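Dear colleague,

I am passing on a structure that you have not worked with before, and my notes on what was found in it follow below. Please read them with the sequence and the structure open beside you.

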Amino acid sequence: RMIGEGHGDVPDVRHFADLCQSGKIYEYAHNRLNGHDLDAEVSKEDRDRMKVSFYSGWMFCCLADMDRSLFGKAMTQDFPSVDAWVREQKPTVKGDDKAYARFACACQRYEAALMVDALAVVFGREGIDVLTVHDASYVRESQASEARRLLEREVLASLPVRPIVVEKPVR
């Protein structure tokens, strides 16, 4: 079950989704945890450190670590519905102290399905050569405009969120 399903009108879910979709969730978290204005600029180094905390201190750690980490406590306060959903995804199984890790694997499978099963198929059907790596897709520069059009029309249109698409030349 996806976070947005049936929760789109819940204010903390909408706020969390907006931060994620705008690419500002790590900046928000950094500023929140450090007592800064929530809209303050954040250095790349601080953003990268906060990204690690996002995953290691909340998304993909065990429930006890979520409860102990400053990041986990902040997420529980600011985004209680999202936090409850994340906790729901992490089963506690007697005798299996790594059961919570299934959530990380499920997220990776979802991302892979999006990138490979959806995106690569659409691009291949249209004759666009693509290499997918994690959350990035590499296409020939001469096919970039068509790739973006297809991405927005056929793949992103079916998602419950609107990810940001950034075009960068490969050097």
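The protein carries 24 positive and 28 negative charges, and the mean positions of these two sets are 3 Å apart. Please keep in mind that this is a predicted model, so that every value in this message is computed from it.

As for the overall layout, the protein has 8 helices and 2 strands, and along the sequence these follow the pattern α-α-α-α-α-α-α-β-β-α. The C-alpha trace spans about 50 × 40 × 35 Å along its principal axes, while the accessible surface comes to about 10800 Å², with 54% of that belonging to carbon and sulfur atoms. Of the 171 residues, 28% are buried. Where contacts join residues at least 6 apart in sequence, 45% of them are between residues at least 24 apart.

Helix H2 (25-33) is mostly covered, with 7 of its 9 residues buried, and these are Ile25, Tyr26, Glu27, Tyr28, Ala29, His30 and Asn31. The cover over the buried residues of H2 includes H1, H3 and H5. Just after H2 comes Gly35, which takes a positive phi of about 70°.

Helix H3, which runs over residues 44-59, has 16 residues that should span 22 Å at 1.5 Å a residue, and this agrees with the 21 Å between its end C-alpha atoms. Its buried residues are Met50, Phe54, Gly57, Trp58 and Met59, and they pack against H1, H2, H4, H5, H6 and H7.

Helix H7 (residues 101-125) has 25 residues and reaches 35 Å from its first C-alpha to its last, which is close to the 36 Å expected at 1.5 Å a residue. Even with that span, H7 bends by about 30° at Leu119, and Leu119 is itself one of the buried residues of this helix, together with Phe103, Ala104, Met115, Val122 and Phe123. After H7 comes Gly127, whose phi is positive, near 75°.

If you would like a place to begin, I would suggest looking at H3 with the helices that its buried residues pack against, among them H2 and H7, and then following H7 to its bend at Leu119.

With best regards

Methods: Residues are numbered from 1 along each chain as its sequence is written. This is a predicted model: local features need pLDDT of at least 70, side-chain atom pairs count only at pLDDT 80 or more; totals for chains, interfaces and linings use all residues. Side-chain values use heavy atoms; hydrogens and water are left out. Helices (H or I, at least four residues) and strands (E, at least two) are DSSP runs, numbered from the N terminus. Buried means under 20% relative accessible area, exposed over 50%, partly exposed in between (1.4 Å probe, protein chains only). Contact means heavy atoms within 4.5 Å. Accessible areas come from the Shrake-Rupley method with a 1.4 Å probe; for residues, only the protein chains shown count as cover. Lys and Arg count as positive and Asp and Glu as negative; His and the chain ends are not counted. The place of a charge is taken as NZ of Lys, CZ of Arg, CG of Asp or CD of Glu. The expected span of a helix is 1.5 Å times one less than its number of residues. The bend at a residue is the angle between axes fitted to the seven residues ending there and the seven starting there.
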